[in-house]
Amino acid sequence: MGGHPLYLEPRLAPRLASLLDSPGLLYTLTDALGSPLNVVIPEQTADNLEQFRSVYSRHHLSGQVFFAHKAGRSSALLRRLAATDAGVDVASLGELQHALGAGFTPDRIIATGPKNPDFLWLASRTSVTVSVDSARELDQLAALVGTYALPRARVLLRLSGFEASGVRVLSRRSRFGTPVEELGPLLEDVERHAGTVEPVGMAYHLDTTSLDEKATALEGCLRALEECRRRGLRPRAVDIGGGFGVNYLADGAQWDRYTTELTSAVLGARPPLTWGGHGYGLRSEGGTLRGSLGVYPAHRKVAGARYLDALLSHPAASLGGRPLGTLLVEHLYDLHTEPGRALLDQCGLTLARVLEVREQPGDGAPLLVRLAAKADDVALEEHGVLMDPVLLSRPGGPGDERPVAVHLFGSLCLESDLVTRRVVFLPRRPEPGDLLAFVNTAAYCMDFHVTRAQQQPSARKVAAWQEGGSWRWCLDDQYWPTTPVGVTQ
Ligand SMILES: *Cc1c(COP(=O)(O)O)cnc(C)c1O
């Protein structure tokens with residue numbers, strides 16, 4: 001493959017960088033526990049929470065940061081958050097049980113998402129706040145509370161389909177939440193169930209990077225709260241969901257160059273950059289570029305807590321143009337957030353051992369590299385996150401520093417088991433036995449898509465922390481907030 005290597009180097013915060021700087025430990029761990037192997041870093045999630053908290057302080061806002069459990073299954077990360085003042089947003093019976101077992105008290109838990117009766121029952125039995133998706137779900141909840149003589153249920157009313165000044169619908173369609181135009185009937189329902197449910201706030205969650213869309217939704221919630229007051233109801237929180245995002249890449253210029261070259265490749269103006277000419281949503285029709293790049297914006301200037309800051313500073317176009325954060329403060333409303341991905345930023349990595357490196361016929365054709373991991377164990381591709389793995393030098397390994405282009409395959413007996421459809425450039429040729437570290441996989445990647453296909457093992461998970469200048473670790477489910485201290489005693 002001619003030309004310069006097109007790297008997409010991951011952004012590495014100091015902890016992840018330090019862990020990658022300890023290849024001896026990572027080789028020992030995979031020797032002992034197998035490949036693939038997930039490593040999580042509990043201290044990092046506590047730091048990420050602090051960043052959200054400092055944005056709350058800067059805007060003088062009260063309210064809770066609820067970690068969206070959906071993003072990851074690690075017990076260590078959840079238990080570390082339980083030792084902070086964070087809350088947790090659970091979206092299944094299992095997640096609720098996990099959160100209760102990790103030490104979250106019900107006042108720190110919100111139940112969201114699609115709910116079956118068992119989930120609703122345990123949530124209301126324990127007085128967890130329920131983010132109600134529809135009038136139907138509200139009726140269901142009210143019936144449960146009545147039937148089982150449960151405490152009055154605290155509910156957030158999740159809305160969707162917000163409009164900007166009646167011009168056009170600015171927020172995308174969602175299958176969750178009550179459409180805002182049905183707010184009136186929903187509130188009548190709330191009033192009818194006054195003995196069994198207590199409305200505590202309005203909610204939305206939009207899976208978008210657009211600040212305008214989110215601002216429109218927040219304004220919609222503020223208007224809905226006004227409508228509640230008019231009716232004598234007293235909810236006083238806005239839950240703006242998650243979707244604050246992560247900046248995955250170290251270098252915005254690499255991202256720009258890569259996407260430009262990918263476009264050229266789709267148009268046939270340079271050698272392919274993907275397996276089978278896949279275009280990530282782009283295609284060429286008679287030499288004209290069509291479609292749009294359907295991937296995660298891997299390099300983001302504003303993500304995570306800074307995105308929240310930007311949203312709160314955003315003018316409320318339909319409410320006099322003052323910043324949204326100011327309006328929340330003036331009304332003494334609580335702001336709830338549900339970051340998933342952003343709270344797990346830099347909180348983990350997935351290690352995979354190289355099993356085979358094969359040449360392809362053709363001058364400069366990418367090497368075929370097979371890993372001891374399935375595509376689903378990494379799942380960056382599943383989320384459209386384009387980012388290179390880090391090739392870890394085996395202690396005492398070879399030092400030939402010539403870049404190579406590779407295709408990364410998983411271990412399934414399946415043509416489609418590609419860890420990524422991209423041609424990946426590595427700074428040197430990998431050898432069987434080498435480790436590749438896919439970093440920043442704690443959110444949605446390392447355990448969301450895991451299968452036991454072909455009876456292959458699913459990755460084990462360990463939690464790691466720094467102590468006196470070196471890294472210590474334990475199995476993920478052995479980690480408790482007391483662990484790092486406990487082992488030194
Ligand atoms: C998925 C989800 C979140 C978290 O989204 P992120 O993009 O991971 O921040 C929060 N709230 C709800 C209701 C969700 O469905």
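Let's start at one ring: K214 lies over the face of F244, with 5.8 Å between the lysine and the ring centre. Keep in mind as you look around that this is a predicted model.

Stay with F244 for a moment, as there is more going on around this residue. F244 belongs to an aromatic cluster together with F52 and Y307. More broadly, the structure holds eight aromatic pairs. Take F244 and Y307: their ring centres are 6.2 Å apart and their planes sit at 75 degrees, and since an angle over 60 counts as edge-to-face, that's what this pair is. Where do the two partners come from? F244 lies in the loop between β11 (237-239) and α10 (252-266), while Y307 is part of helix α11 (residues 305-313), so the pair ties together parts that are 63 residues apart in sequence. As for burial, both F244 and Y307 are buried.

The loop that carries F244 has another aromatic residue to show you. Y248 pairs with Y296, with ring centres 5.5 Å apart and planes at 85 degrees, so here too the pair is edge-to-face. Y248 lies in the loop between β11 and α10, and Y296 in the loop between β13 (288-291) and α11, so this pair ties together parts that are 48 residues apart in sequence. Are these two buried or exposed? Buried means under 20% relative accessible area, so Y248 at 1% makes the cut, and Y296 is buried as well, with 11%.

One more charge over a ring is worth finding: R422 lies over the face of Y258, at 5.2 Å from the ring centre.

Now zoom out to the domains. The domain assignment gives domain 1 as 14-41 + 348-486 and domain 2 as 42-245 + 298-344. Taken over C-alpha atoms, the centres of domain 1 and domain 2 are separated by 34 Å. Their contact draws on 22 residues from domain 1 and 21 residues from domain 2. Between them the two domains bury about 1900 Å², and 55% of that is on carbon and sulfur atoms.

Which residues should you click on at this interface? On the domain 1 side, try R15, Y444 and Y479: they supply 31% of the area that domain 1 buries against domain 2, more than any other three residues. There is also one salt bridge across the interface of domain 1 and domain 2. And R15 turns up once more, as its side chain meets that of D47 in a salt bridge, with 2.9 Å from N to O.

How values were computed
Residues numbered from 1 in each chain as written. Predicted model: local features only at pLDDT ≥ 70, side-chain atom pairs only at ≥ 80, totals over all residues. Heavy atoms only, no water. Phe/Tyr/Trp six-rings, centres within 6.5 Å; stacked < 30°, edge-to-face > 60°. Helix = DSSP H or I, 4+ residues; strand = E, 2+ residues; numbered from the N terminus. Buried < 20%, exposed > 50% of the residue type's maximum accessible area, 1.4 Å probe, protein only. Lys NZ or Arg CZ within 6 Å of the ring centre and 35° of its normal. Domains from an automatic or database assignment. Contact = heavy atoms within 4.5 Å. Buried area = accessible area lost by both parts, 1.4 Å probe. Salt bridge = Lys/Arg side-chain N within 4 Å of Asp/Glu carboxyl O.
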